[in-house]
Amino acid sequence: MLTVAVVGAGLMGRGIAGVFAGAGHPVRLHDVDADALHRAVDGLRGSERPVDGSTDLATAVSGADLVIEAVTENLPAKRDLFARLDGLLPEALLASNTSVLPVSAIAERATRPERVVGTHWWNPPHLVPVVEVVRGEYTGEETMERTTDLLASLGKLPVRVERDVPGFVGNRLQHALWREAVALVEHGVCTAETVETVVRNTIGLRLAAMGPLENADYVGLDLTLAIHEAVLPALDRSPAPSRLLRDLVAAGDVGAKSGRGFFTWPHGSRERAGEGLARHIARQLATAPDTPDGGPDGRPTGHPH
Ligand SMILES: NC(=O)c1ccc[n+]([C@@H]2O[C@H](COP(=O)([O-])OP(=O)(O)OC[C@H]3O[C@@H](n4cnc5c(N)ncnc54)[C@H](O)[C@@H]3O)[C@@H](O)[C@H]2O)c1
């Protein structure tokens with residue numbers, strides 16, 4: 001068993017702590033906000049026993065073999081934290097759950113940055129199988145291997161991201177789609193409802209079973225090439241967030257949190273949406289193939305490129 005410290009006891013930190021504790025690893029939580037820390041520790045203690053917490057960083061991480069950082073997405077704060085962790089723990093593996101910040105920049109002030117790695121968990125962390133293991137500029141191969149082995153031992157599906165590019169893999173793919181979705185509404189091609197109806201009833205049905213590259217092979221790369229020749233010049237290529245998105249945010253219409261965004265969100269609907277999403281993911285996982293290569297006979301497994 002490893003002693004694991006989770007720094008930041010919010011939505012993600014709490015969930016990640018629960019995954020380690022559930023696998024029997026002693027877990028220590030730390031948060032600068034005493035209320036957030038106590039809520040997280042109390043919540044986890046109900047189901048998982050090896051969980052403790054402290055608002056003092058040095059106390060919480062003392063003796064840790066692994067630290068997972070899940071504090072607010074803020075580069076200076078994360079950089080300071082990793083400099084402190086580096087001084088407190090000369091040997092431990094140090095992982096950041098940043099969504100989009102460069103792992104290399106977070107590790108910059110560590111004296112041994114080869115043990116700093118990105119571990120990008122997805123919400124909800126106890127359900128979503130993939131964790132992206134991100135190699136920063138300084139991350140050592142041993143760190144990459146220890147991290148992927150450890151995540152696999154928890155039943156997760158670690159994937160290696162070999163370059164520290166913004167958004168890693170999953171968020172780049174996701175936000176390529178979201179940019180186009182916003183642009184379609186902004187330019188009056190269709191309503192926000194239509195975007196949802198189309199995505200949920202076409203590509204959304206397919207994606208969990210067949211990703212884009214296998215799908216391209218399946219329909220034919222010649223067809224894919226012809227489609228790209230016709231459609232790529234017309235897709236949104238803005239290098240900045242759209243005017244529509246900026247205007248909504250400037251008006252305070254930030255979505256479920258404020259009650260209005262692309263849609264109207266009555267009181268309680270945000271919580272219901274989160275619960276419904278978690279139930280849907282759990283149902284999908286219960287029926288999905290359980291091997292990374294797909295499972296059913298005849299599925300392609302080679303990686304020629
Ligand atoms: N929410 C998601 O879906 C999601 C998914 C993947 C990755 N992430 C990333 O995970 C990290 C945490 O996100 P979250 O959604 O759990 O945020 P959150 O706001 O729910 O929790 C962050 C916690 O960190 C604490 N904190 C802030 N600064 C701190 C510091 N210096 N030391 C100790 N504690 C500190 C806050 O008090 C808060 O409790 C972010 O980097 C985020 O980008 C979030």
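So, to start: at what angle do the axes of helix 7 and helix 12 cross, and within what distance do they come? Keep that in mind for a second. What we're looking at here is a predicted model, so please take everything I say as read off a prediction.

Okay, the answer. Helix 7, residues 170-186, and helix 12, residues 243-250, cross at roughly 85°, and their axes come within 8 Å. Anything from 65 to 115 degrees counts as roughly perpendicular, so that is the word for helix 7 and helix 12. If you want to find the contact on screen, go to V182, V185 and E186 on helix 7, and on the other side R243, L244 and L245 of helix 12. By class, that contact has four nonpolar residues and two charged ones, with no polar residues.

Let me zoom out for a moment. The domain assignment splits the chain into three pieces: domain 1 is 4-161, domain 2 is 169-237 and domain 3 is 252-290. Taken over C-alpha atoms, the centres of domain 2 and domain 3 are 21 Å apart.

Next pair: helix 10, residues 212-219, and helix 11, residues 221-231. Their axes are 6 Å apart and the packing angle is about 110°, so helix 10 and helix 11 are again roughly perpendicular to each other. Here A216, D217 and V219 of helix 10 meet L221, L223 and T224 of helix 11. The breakdown for this contact is four nonpolar, one polar and one charged.

Now over to the N-terminal end, for another kind of packing. Helix 1 (residues 11-22) and helix 2 (residues 34-47) have axes 10 Å apart and pack at about 30°. That makes helix 1 roughly parallel to helix 2. The crossing itself is right-handed. On the helix 1 side you've got G13, R14, A17, G18 and A21, and they meet A40, G43 and L44 in helix 2. Those residues come out as four nonpolar, three polar and one charged.

Helix 1 also turns up at the ligand. There are 24 residues around the ligand, and the ones that come nearest are G8, G10, M12, S99 and N123. The elements giving two or more residues to that shell are helix 1 and helix 4, which is 75-88. Helix 1 gives the largest share, three residues. What's the mix of nonpolar, polar and charged residues in the shell? It's twelve nonpolar, nine polar and three charged.

Did you catch N123 in that list? Let's stay with it, for the backbone. The peptide bond from N123 to P124 is cis, with omega near -5°. P124 is in the loop between strand 6 (116-121) and strand 7 (130-134). So why flag it? Because most peptide bonds are trans, and most residues other than glycine have a negative phi.

That second half brings me to F168, where phi is positive, near 50°, and the residue isn't a glycine. You'll find F168 in the loop between strand 8 (157-161) and helix 7. And that takes us back to helix 7, the one that crosses helix 12 at roughly 85°.

That's my tour. Happy to rotate the view if anyone wants another look.

Key
Residues are numbered from 1 along each chain as its sequence is written. This is a predicted model: local features need pLDDT of at least 70, side-chain atom pairs count only at pLDDT 80 or more; totals for chains, interfaces and linings use all residues. Axes are lines fitted to C-alpha atoms, for helices over the stretch in contact, and angles run from 0 to 180 degrees between N-to-C directions. Helices (H or I, at least four residues) and strands (E, at least two) are DSSP runs, numbered from the N terminus. Angles under 35 degrees count as roughly parallel, over 145 as roughly antiparallel, 65 to 115 as roughly perpendicular and the rest as oblique. A crossing is left-handed if the near helix is turned anticlockwise from the far one by less than a right angle, and right-handed if clockwise. Two residues are in contact if their C-beta atoms, placed from the backbone, lie within 7 Å. Ala, Val, Leu, Ile, Met, Phe, Trp, Tyr, Cys and Pro count as nonpolar, Asp, Glu, Lys and Arg as charged, and the others, Gly among them, as polar. A residue is near a molecule or strand if its C-beta atom, placed from the backbone, lies within 6 Å of it. Domain bounds come from an automatic or database domain assignment.
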